[in-house]
Amino acid sequence: MTAVAPVVDASTAAVDGPAGSLTHHPSRRHAAPMTPTVWLRYLGVLLVAVSAPILLGELGVLNDTRALVLGEAAALAVAALSLNVLMGYAGQVSLGHFALLGVGAFASSRLTAPTASDPVALPFVFGVVAATGAGGLVAFLLGLPALRLRGLYLAVVTIVFNFVMVQSLFQSSWLSSGSGGVELPRPVVGTFEFVRNADYLAVVLALLVVVWLVDANLSASKLGRAFHAIRADETMAASFGIDVTRYKLLAFTISGAMAGLAGALYGHLFTFVNSGTFDLTQSLFLLTLVVIGGLGSRAGVVAAAAMYGALDFGLGEAFGTDAAGWVVFGGAVLLMFTIAQHPTGLAGAWREASERRHQRSVHGAPAEEADGTPATPQMVDLPRPVGLPARDTGPGDGPLLAVRDVTVHFGGLRAVDAVSLDVPPRRIVGLIGPNGAGKTTLFNAISGALRPDAGTVELLGRDLSDAPAHVRAAAGIGRTFQMIGLAKDRSVTENLLLAQHHVASYGAVEALAGLGRAPRVEEALRTRAAEAVAALGFERYADTPVANLSHGQQRIVEIGCALVTAPDLVMLDEPSAGMAPGAVENLAVRLRDMRDELDRTVLLIEHNIPLVLDVCDELYVLANGSLIAHGAPDDVVARAAVIEAYLGGAIS
Amino acid sequence: MTTPLLEVTDLTAGFGSSQVLHGVTFSVAEGEIAGVFGLNGAGKSVTMKTIAGLVPAWSGRITFAGQDITGRSVEERVALGMGHVPQGRQVFPALTVDENLRLGAYTSRRRDRSGYAARLDEVFARFPILAERRSQAAGTMSGGQQASLAVARALINGPRLILVDEPSAGLSPSVVGELFAILEQVAATGVTMVLVEQNISFGLRLAHRAHLLQSGTVVHSGPVADLDQQRLAEHLGVGRMLGASTGTALAARRGPSRSPARSQATAKERS
Amino acid sequence: MAGEDGLLDDGGVATDAAAAGSVGGVGAAGSAGTSTGTGGNRVPGSSGPAPYLPGLFTQAEDTRGITDDEIRLCTHAALTYGAAFNTSADDLNVYWSSVNDAGGIHGRKVHAYYENDNYTPTDAQKAATACLDKYDPFMLLGGIGFDQIPAVRNFAEQRRMLYVHHTATVNGSAGKQFSFTALPTTEKMGELFAELAATRFAGKTVGIVKRQSENWEPGVEGFKRVAGQHGVRVVFERPVPQNKGSYLQDIVELQNAGAQVVWLWLNALESTTFIKQSKAQGFSPSFMVFPFNLTTQTLGDDALNPPVVGLNMSNAYSEGDYSGPFASYADDMRLFEAQYRKYRPNVDLGGVGGDLLFLNWSAQKAMHQLILACGPDCSRNRFIEVLQGVKGQLTSSACPSDFTRAGADNDHRGGWSASVMEAYRAPSGSVNLRNVATCVEHLL
Amino acid sequence: MAQVLVIGLVEGTLFGLLAVGITLIHRGTGAINFALGEVGTFGLYVAWWLTVDQGMPWIVGATGAVATAVALSLAFERLVVRPMRVRNPLAVSVATVGLLTALLSFEFQRFGESPREVPVPIHGLGVRVAGVNVSPTQLLSLLVVAAIAIGLGQFLRRTDFGLGVLAAAQDADATRLVGVPLRRVTAFVWAAGGAVAALAALFVAPTVGALTPGFASTHLFVVALIAAVVGGLSSLPGAFVGGLALGVLKSGVLRLFAESTLPGKEYLVYLTIGIAVLLFRPNGILGTARPRSAA
């Protein structure tokens, strides 16, 4: 068989390059902080969620069949929320998610179902807790390969995972009784047994409200923001101090815990499940719900689950239970249509509609002022956030940043060849050189975005050579990217909150519960972000998704984000690229403000030579990976060697 | 002046919300070599991609060989006689030299397959290195060899116009010299070329007319001959920096007097 | 694949009434024994509610689903033939249509409803819940489904609902209040299969391929117990998960073990696939399976030489063939075909589902006797008494049941006998099944 | 031992057939077509209707199956993939999940779960190797795979359009810049994928023995996916050999751990292999390292 030549398939770089991502629903409002009034609202909803089904059950309006269908829809809603955390927020594809529900259900059954061997059975609550724990643990294990795999390749692993659970573990004798399945008895409180589906529905709805609250807390905390950043661009996330590995595993664990809970609720609803209940077709159906609902939108995915419940119930009443098959068929066709035409799903369509209405009522979209140059914003001058070492404003003796012999090579090519440079405190140092000279590679080696093959990097005497990017960010390096490192589908304020990730000092559990230090710290971050927005003169755009701003405005927001945690060193990668000439003048003013009024130290890559000559105190010139000049800007620029490098040299 | 082979009027284009081209206008006569120069981010590549059809134009008009091709697909423009040496060469790495060339002649082979053999021999004669490695996978060849394959791939289709996008990018200085010789050969055949180049002195040595691009608009168009160092520096926004060395490049240019008119003559003989 | 106990345990439509087993021609005798309270027969439709017979159900629960002019039954079963075979409720109610046209039972029309349980425990509970809410039936009936029945039994016990179901395990029925089965237990079927092996295939080695599930495994223990006593050599035993798909490995190991008889303790689809793959390997032992025309007609000639044999709780059916083993219940078959010609002429009785419709028809015929015996003042308690008091003899096509024999520990099981069948080439050309022995308790 | 090998190879051809289909579509579109098995099964239902129901010869059924599968794939590309605003491999793959679920639920509703007799190209026992029968259909399937790989290989290499297909997989923009109509190339890739799916199903079904909805979309598809991954999702022969390897591995594992009652042991092995290959050899065991272009 003549081999068809193996082919480079750039579009799906196996391990690193993401194979693209699904379109996500960019929410406009940043999540509301957890104030007491919000708590009361949730309490109210919880009361209604519990009392309504019981009342309707009593009146006979909600008979067992209707309650069963609504119960299933509610459990699916919890499952949809869990998949939404993983795929919608953190962008990790999971096509085998129902297996995690199975883990929850079987774990709960192990504790709550009386069997011949151990007739004593623990109450429902233990089952739910065990299910949540087991779901989280197994999801954590599933998350480990996800650290290296992305997009399609992760999808393949999750599908096989689903298969292994259904074909092997869920039918093994120690977990279940072969294909016969297991029993999940209804909860009993004192003498009252939740036999009636309407009563059990109250339990499911109550837990749905709790999960919704947890999800809301998550979105309003640094967890949600970190997940969105990881989905948008892992390098950018690391530059804001996010430990991508830890937060990815956290996303899997939280999602898995919610899935385990959903599995227990689902299992106890039907009181009897077997391995077939959690097979691949169910996982794909859950995916359909989440994508149709609108990836990334809490309300969207729950609405999709409710829609399924209503349809399944309506058709069931009208045409008998066979009709459920057609609901699945309809869902599948809707999935294809959604992905093709409305990738942001129901939520997206809803938002676009409300936005159009909003548009008509208010004047035009937030556009840049006529003359193209926004009000001259000041640089963000904020006191150093609590918890960070006080900024070194004294006349430091050594250089703020010392780079020694950094070498980076890709394959045979030496991108950066033993480069050493010093950045003295409170100075603006420029780094120029023709295309492909290795400037950005050197930048990434300093900021930790890539690991150099040799050389050291020291900031204020602290050796950061082995530190990963997020540690260097926390150590006081703020940076921007050539292609604007921001979560573009989130608002300006959200990005400024995201930028303060490494100073958000509270734990994951506090974030999820919305208690402990979380509310206070979040409040502090919010005020700090508001001050930064005011300083930048962007009040009008506070809630505007960054994607809707002009290129120049996005660049200013990005610089604001780099400054919001008052870093010692600010690294800017071609800030003037793509800026209109007027904006470039503005940029020069602001760069000088950083140095003179904010005592910041700046390392600047730039192509705009006039800007460099105007602003920089010192200048390094890089060509073909090695330094060819260093000194005062006017002197360096005039050197023949520099011009030679720049113009590509005379033709031999 | 004969009607221009390629005419671009008030072209605007960009990506997503950020606009890159703010109204580009220039035209290229048959047989002429037009250089499009500008610093990084001036919009050179976007101009080429919009002319090629890869990037949709927001507004403005592009006419080629007398036809308005603003809305036409990439494939149709190639069939009309537009050849491309894309940025970064973009040869097909896993296909052999022979196969790359055969794909290059895709539209002409569909019209008449008979002429292909002759054109292939002509290309191999012009690029002996390619003849020697004809069955080698393109991806395993050096930068310079890939550059010549990319040029040959465009030539073999018998195009009326070739768009050459930053051919020297990423090549070591020594190979740039080789590439210059190749492009000189192509220019000698009288085919019309639009050359985009970051390496300005390289571009100036080849082009008859230069169009200077800054922040998405053409700030100056004119024959290379009457470009002097001062106006060039000013237009390119490179200011003081471009002191000495461009001067020498221009002087070298003026040596062998090459006006566009003369190369037009050769173009007529060939067709 | 949608998990379910087995793709088509016994061909989809196996409904309930076979579960009710049959009652000998009890007729008048039965009813006399029951209406102790009021002495003589009450004229149907006369005033005053039926006297409450104290028992399992409270007075309020006792007469739900039954009025003077109607009795409602609801069945959960795998109606998954899909539109291709257009199994609709009307196809399954031909017997009741004729009974109702003739005035019903004690003046009551019988309304039977069906909900699809799709072979999965979760859908089975959806079906059972729909049964209760939509129709508030007198009785819930469970079609064949080793995994569905335990799930719905669980549901019925919690809701104090009278539930009569198909085969289940011994300890499955133990301690149950509201659930009854008139069919042999899983263990009993295993024992009978062992006796079949000891008699028809005396001296031959046996290989077992069994579904790995606590609802199936007891049958194999029953088989091995009896096989040990009667010198049946089991040379191979292989548990398989649900819908394994490819059995190549197991087939080759069976051949290596030299099994001459293979007992497929699997559902209809799995058995069909297994036999097909065995024949492809040139391996033709005698197969013992759950026998349905669905399997034999899909296998065609592969179900012959040697003929597939099996045990079932009702009689074989082959359209238009009234000779030989069919003769003893030929008039029932003719009545069955006549009624279908009258009420549902477009149903293809010769097709894959024909024997299942006949099984369902004859089960309804047996249920008819039970309801008749329950008398005009029928109530749930009275029905249970009739059911448990039954000591019937052979009726036309369902095996007799006897609830008294189970003894004090569990009078909820009444099935003790089954029929032996083998595949044969029917006059119509398709490969159907025919009885070899009818309603036998033991083969040894 | 030979027996384990032969069993493995026989089952391996099933995985290999589907894996070739998965790889072809991945090469052409960058996406994984999760509906590949089901498109083939749908075609098989058409073949069943033509042959078993209407009594036509097998070849008529097979043509019907291939035509249906091609039409289905083209319709999917035209109606779902082409109008996609955000078209990246992941979005296309998730869209194929929609196609899989739609076909599966349609088949359940329309044909029900009852097993249907499978149209078989050549009857007869075939040849006996180490105690295992290799049916004529399985032998034929080897020929079919060879024909696909060689035929496709020749078409792609020899014809200009075929070269365009190969080029499009490497660099879509550059392909358009030489004048190749990318739209028609994408349509061809989906159509070819559909045809291979139908052929795979036609030759897998006789070995499985019964036709039911989703028979080629669950067990077989998942293992074929791993086989394609082992083949680097880029080389057709690599995918087929990957399938054979997994088949042999499965029969080995089942024979070795025959006593343990843990069901589905082979799937545990598949999961570990899948992850290992994706993490450490993303180009697959047979896929050669990517030729670095000098740029």
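## A buried aspartate, a mixed sheet and three contacts

Asp489(A) is buried, because 21 other C-beta atoms lie within 10 Å of its own and the cut-off for burial is 20 or more. This holds in a predicted model. The residue sits in a loop of chain A, between strand E10 (477-479) and helix H16 (492-499). Thr338(A) is 151 residues away from Asp489(A) along the chain. The C-alpha atoms of these two residues are separated by 19 Å.

**Confidence**

The model as a whole scores ipTM 0.79 and pTM 0.82. Chain C has a mean pLDDT of 79. Of its residues, 83% reach 70 or more. Some stretches of chain C score lower. Residues 1-43 of chain C have pLDDT below 50. That stretch still has 177 contacts in the model beyond near neighbours in sequence. Residues 393-397 of chain C also stay under 50. For them the model has 20 contacts beyond four places in sequence.

**The sheet of chain B**

In chain B, 6 strands form an open sheet. Their order is E6-E7-E8-E3-E9-E10, and the pairing is mixed. At the edges stand strand E6 (82-85) and strand E10 (217-223) of chain B, each pairing on one side only. Neighbouring strands are turned by 15° against each other on average, direction ignored.

Take one pair from this sheet. Strand E9 (residues 209-214) of chain B pairs with E10(B) in the antiparallel sense, over 6 bridges. Within it, His211(B) stands opposite Ser221(B) in E10(B).

Helices meet this sheet too. Helix H7 (residues 143-155) of chain B packs on it and touches E6 and E7 of chain B. The direction of H7 makes about 175° with that of E6(B). Helix H1 (residues 44-52) of chain B lies across strand E3 (33-37), E6, strand E7 (161-165), strand E8 (192-197) and E9 of chain B. H1 runs at about 145° to E7(B).

**Where the parts touch**

Chain A gives 58 residues to its contact with chain D, and chain D gives 65 residues. On the chain A side, helix H5 (151-167), helix H10 (280-293) and helix H12 (324-341) each supply at least two residues. H5(A) brings the largest share, 12 residues.

Chain D also meets chain B: 20 residues of chain D are in contact with 31 residues of chain B. On the chain D side, the elements that give two or more residues are helix H6 (160-170) and helix H7 (172-177) of chain D. The largest share there, 6 residues, comes from H6(D).

A third contact lies inside chain C. The domain assignment gives domain 1 (23-28 + 54-184 + 327-413) and domain 2 (186-312 + 420-440) of chain C. Their C-alpha centres lie 28 Å apart. Domain 1 of chain C puts 17 residues into the contact, and domain 2 of chain C puts in 18 residues. Helix H15 (residues 354-374) of chain C gives the largest share of the domain 1 side, 3 residues.

The table sorts one side of each contact by residue class.

| Side | Nonpolar | Polar | Charged |
|---|---|---|---|
| Chain A, touching chain D | 39 residues | 17 residues | 2 residues |
| Chain D, touching chain B | 11 residues | 4 residues | 5 residues |
| Domain 1 of chain C, touching domain 2 of chain C | 10 residues | 5 residues | 2 residues |

How values were computed. Residues are numbered from 1 along each chain as its sequence is written. Chains are lettered from A and ligands numbered from 1 in the order in which they are written. This is a predicted model: local features need pLDDT of at least 70, side-chain atom pairs count only at pLDDT 80 or more; totals for chains, interfaces and linings use all residues. Two strands pair if DSSP finds at least two bridges between them. Helices (H or I, at least four residues) and strands (E, at least two) are DSSP runs, numbered from the N terminus. Axes are lines fitted to C-alpha atoms, for helices over the stretch in contact, and angles run from 0 to 180 degrees between N-to-C directions. Two residues are in contact if their C-beta atoms, placed from the backbone, lie within 7 Å. A residue is buried if 20 or more other C-beta atoms lie within 10 Å of its own, exposed if 12 or fewer, and partly exposed in between; C-beta atoms are placed from the backbone. Ala, Val, Leu, Ile, Met, Phe, Trp, Tyr, Cys and Pro count as nonpolar, Asp, Glu, Lys and Arg as charged, and the others, Gly among them, as polar. pLDDT is the predictor's confidence in each residue, from 0 to 100. Domain bounds come from an automatic or database domain assignment.
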